[in-house]
Amino acid sequence: MIELKSVGVTYPTGNVTALTDISLALPAGDFAFLVGPTGAGKSTLLKLLYADVRATSGSISVAGRDITKIIPHEIPALRRQMGIVLQDYGLLPQRTVWENMMFACEVLGLPRPEARQRVRERLEQVGMLSRCDAFPAQLSGGEQQRVAIARALVGKPALLIADEPTGNLDPETSAGVMDALLAVSDEGTTVLVATHDKNAVDRLRRRVIAIERGTLARDEAEGAYGYAS
Ligand code: ADP
């Protein structure tokens with residue numbers, strides 16, 4: 001699903017080398033945590049996958065497609081193939097949960113009856129169907145993030161990328177969000193989660209990819225977080 005070969009990234013601003021010689025493969029259906037100290041290069045790695053950042057060297061393929069030299073007008077199609085979940089849930093405040101979900105379907109051009117069915121399914125999957133008439137401000141952070149995950153999944157993406165999805169949440173709420181991501185992976189979606197959530201990583205014991213100072217420091221099948229929290 002994801003393959004990076006000797007990837008390096010140097011940001012022109014300040015000539016910062018964010019990643020050096022990263023080679024990594026994530027097969028379809030895999031679930032992996034991406035860990036490492038702040039500034040290690042985790043976000044940069046995720047941004048490479050949705051073409052928000054360009055590789056300075058090496059090559060990247062996503063879903064069987066070489067995206068190393070992807071041209072700007074092909075980027076929206078690439079992003080439609082994946083779900084992206086960020087730390088700030090990004091729900092539209094003036095719309096209910098249901099309307100937020102339907103809006104995402106509209107953007108994807110899904111016909112209404114199919115959209116309604118998918119919205120129902122996805123909200124059910126993250127345990128939020130009963131709150132579909134609530135506005136984001138009426139939900140806890142964890143609930144909003146579960147809706148954001150459901151929204152990222154309406155297009156049935158083969159790949160879900162999450163960058164610090166529990167960054168703003170307390171440990172108990174985080175557990176609910178991580179469990180929702182795991183449920184997504186159990187359905188066959190490939191999931192890559194950058195996180196500082198030591199509790200979740202140590203509880204779930206999944207594949208752990210650690211980046212330190214822009215290089216691959218660890219890649220373990222049933223790994224631990226490995227840093228002080
Ligand atoms: P992490 O997600 O692990 O905290 P990042 O990928 O955000 O790390 O950052 C890796 C390095 O790249 C850091 O040194 C950061 O300051 C630098 N960096 C990130 N984004 C940019 C940018 N747009 N321009 C210049 N440097 C950047």
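## Exercises on strand β3 and its surroundings

Strand β3 and strand β9 (residues 207–212) run parallel and are joined by four bridges. Strands (E, at least two residues) and helices (H or I, at least four) are DSSP runs, numbered from the N terminus. Two strands pair if DSSP finds at least two bridges between them.

The model is predicted: local features need pLDDT of at least 70, side-chain atom pairs count only at pLDDT 80 or more, and totals for chains, interfaces and linings use all residues. Residues are numbered from 1 along each chain as its sequence is written, and side-chain values use heavy atoms, leaving out hydrogens and water.

**Exercise 1. Place β3 among its partners.**

Step 1. Take β9. Val208 is the bridge partner of Phe33 there.

Step 2. Take β8. Four bridges join β3 to β8, again in parallel. Leu34 stands opposite Ala194 in β8.

Step 3. Check burial. Buried means under 20% relative accessible area, exposed over 50%, and partly exposed in between (1.4 Å probe, protein chains only). Five of the five residues of β3 (residues 31–35) are buried, so the strand is largely enclosed by the rest of the structure.

Step 4. Sort the side chains. Phe31, Phe33 and Val35 point one way from β3, while Ala32 and Leu34 point the other way.

**Exercise 2. Find the nonpolar cores.**

Step 1. Set the rule. A nonpolar core is a set of buried Ala, Val, Leu, Ile, Met, Phe, Trp, Tyr and Cys residues joined through side-chain atoms within 4.5 Å.

Step 2. Apply the rule. The largest core has 45 residues, and those with the most contacts inside it include Phe33, Val35 and Val193. Helix α6 (residues 171–186) gives the largest share of this core, six residues.

Step 3. Look for a second one. Another core, of 32 residues, lies apart from it; Val9, Leu26, Leu34 and Ile60 are among its members.

Step 4. List contacts of Val193. Contact means heavy atoms within 4.5 Å. Leaving aside neighbours within four places in sequence, Val193 contacts residues including Phe31, Phe33, Met178 and Leu181.

**Exercise 3. Compare the settings of Ser185 and Asp197.**

Step 1. Start with Ser185. Ser185 is in helix α6. Ser185 is buried, because its relative accessible area is 6%. Beyond four places in sequence, Ser185 touches Gly29, Phe31, Val191 and Arg206.

Step 2. Move to Asp197. Asp197 sits in the loop between β8 (190–194) and α7 (198–204). Asp197 is also buried, because its relative accessible area is 12%. Beyond four places in sequence, Asp197 touches Thr166, Ser174, Met178 and Tyr225.
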